[in-house]
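Subject: Structure for your review

Dear colleague,

Please find below the structure that I am handing over to you. I would be grateful if you could keep it open while reading the notes that come after it.

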Amino acid sequence: LHIKKEEEELWESLEEKQETDITAVTLKTEDEEEEAHFQTSEVRTENNTKGTSHNREKPFGCDMCGNCFNDRAHLKIHMRIHTGEKPFGCDVCGKPFREKTHLKSHIHTGEKPFGCDVCGKHFSNRGHMKNHTRIHTGEKPFGCDVCQKRFITNFELNNHLRIHTGEKPFDCDVCGKRFRNRGHLKNHTRIHTGEKPFGCDICQKRFITKFEVIYHMRIHTGEKPFGCDVCGKQFSNRAHLKIHTRIHTGEKPFSCDVCGQSFNYKASLSRHMRIHSGEKPYGCDVCGQGFRSNSEMKRHVRIHTGEKPFDCDVCGKQFAYRSSLSGHMIIHTGEKPHICDICGQTFYRRFDLKRHMRTHTGDRPMEKNFCPTFSHHLRF
């Protein structure tokens, strides 16, 4: 349960690191592909004009972001990024584009004439194929000047640089949340619209992103490509591995501002904070009792339903709670883990030890309702 909740907390950060996965190049949205294509055309134009006086000067500057260009035509095209202007529309589907070359690359025939010599995958344009081949060669020609991390495409580098600058130029029209790239914003808006365009072919479960489908499919295939360097345990996704490694490192990165207690998971910290706030957001539909966590509420509901999901392997007796089963198993093992500090007598249950301690302390917990008649019968 902790791992599942922590995976949700890490999901956004993992999506932001897609460039480290082989799937990253193929997971861009259509708008991102267009931006990437535009950047590629910029680089190609600059390479073609090397050696000219204009190339070094780049006299045409953007008033919005400061980027400079060799000629007014490229500046004009660049300005459409800021204005959102897309004057070239597809006659078939109506999708608009900033450049005519982008419109030409947008085809409905499904034609993909450019094939990879290594794996055979095909692409609609040469630029996409060139980027793809770097997966096989390991080439990462674009480097970050801040942290020296390297990337397959200039597009990925530009997205990465926003981590250092903190820039989040894409904001949600519904809730105002801001994002570093357009793809994350597009995925986020589906939370508001309820759109889940990606489906599992096996169980028909639907997902917001293609990235989630890839992770989900490993449930069916049993694939666990991420291994722990310390103990060798395998995991189906990087989020689970990252959480698991905290067992070995002892890392507890989430701290309570009130009492200073630290936690392995952000979800655990959130639950803990409800102790200080008194918040109990999970309510029982039967009796209305409130609980700090969903798991506490589910355990409570078993009182009403009579569900007993935990079975004893020895005698078959069923229990509503795992802790009750653990206490019961002591009967079969003969273990008596609860010891009296005064006389050394051992007991199966903590409750039995507490009751025994009264023989030493003289406590009489029912003294307020003590019945003399009943006491007389006990003596005789």
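The notes below begin with the whole protein and then turn to individual elements and residues.

Please bear in mind that this is a predicted model.

Overall composition

The protein contains 15 helices and 22 strands. Of its 380 residues, 31% are buried. The accessible surface amounts to about 24,700 Å², and carbon and sulfur atoms contribute 51% of that area. Among contacts with a separation of 6 or more, 21% join residues that lie 24 or more positions apart.

Salt bridges

Side chains of opposite charge can pair when their charged atoms come close. In this model the count comes to eight salt bridges. Three pairs may be set side by side in a table.

| Pair | N to O distance | Arginine | Glutamate |
|---|---|---|---|
| R80 and E85 | 4.0 Å | buried, 11% | partly exposed, 42% |
| R190 and E195 | 3.6 Å | buried, 9% | partly exposed, 40% |
| R218 and E223 | 3.7 Å | buried, 14% | partly exposed, 41% |

The percentages in the table are relative accessibilities, and the classes follow from the cut-offs: a residue is buried under 20% and partly exposed between 20% and 50%. R80 is therefore classed as buried at 11%, whereas E85 at 42% is classed as partly exposed. The second pair reads likewise, with R190 buried at 9% and E195 partly exposed at 40%. In the third pair, R218 is buried at 14%, while E223 is partly exposed at 41%.

Apart from these pairs, a network of salt bridges links R349, D352 and R355.

Helix 8

R190 also belongs to helix 8, where it is buried together with G183, H184, L185, N187 and H188. Helix 8 covers residues 182-193, which is 12 residues, and spans 17 Å from its first C-alpha to its last, close to the 16 Å expected at 1.5 Å a residue. At the start of this helix, a side-chain oxygen of N181 comes to within 3.0 Å of the backbone nitrogen of G183. After helix 8 comes G194, which has a positive phi near 80°.

The largest nonpolar core

Which residues form the largest nonpolar core? It has six residues, namely F211, Y215, F226, C228, F235 and L241. Leaving out residues up to four places away in sequence, C228 touches K233, L241, H244 and H248. One of these, L241, is itself listed in the core.

H356 and its surroundings

H356 sits in helix 14, which runs over residues 350-361. Is H356 buried or exposed? Its relative accessible area is 12%, so H356 falls in the buried class. Beyond residues up to four places away in sequence, H356 touches C340, C343, Q345 and F347.

Loop residues

Most residues other than glycine have a negative phi, and most peptide bonds are trans. Two glutamines in this model may be read against that background. Q148 is not a glycine, yet its phi is positive, at about 70°. Q148 is placed in the loop between strand 7 (142-143) and strand 8 (150-151), and with a relative accessible area of 54% it is exposed. Q204, likewise a residue other than glycine, has a positive phi near 65°. Its loop lies between strand 11 (198-199) and strand 12 (206-207), and Q204 counts as exposed at 54% relative accessibility.

V258 is a further loop residue, found between strand 15 (254-255) and strand 16 (262-263). Why is V258 classed as exposed? Its relative accessible area is 57%, and the exposed class begins over 50%. Setting aside neighbours within four places in sequence, V258 is in contact with M273 and H276. V258 and H276 are 18 residues apart along the chain, and their C-alpha atoms are separated by 7.8 Å.

With kind regards

How values were computed
Residues numbered from 1 in each chain as written. Heavy atoms only, no water. Helix = DSSP H or I, 4+ residues; strand = E, 2+ residues; numbered from the N terminus. Buried < 20%, exposed > 50% of the residue type's maximum accessible area, 1.4 Å probe, protein only. Contact = heavy atoms within 4.5 Å. Areas by Shrake-Rupley, 256 points an atom, 1.4 Å probe, with all protein chains shown as cover. Salt bridge = Lys/Arg side-chain N within 4 Å of Asp/Glu carboxyl O. Core = buried A, V, L, I, M, F, W, Y, C linked by side-chain atoms within 4.5 Å. Expected span 1.5 Å × (residues − 1). Polar contact = N/O pair within 3.5 Å; in protein donor to acceptor, adjacent residues only side chain to side chain.
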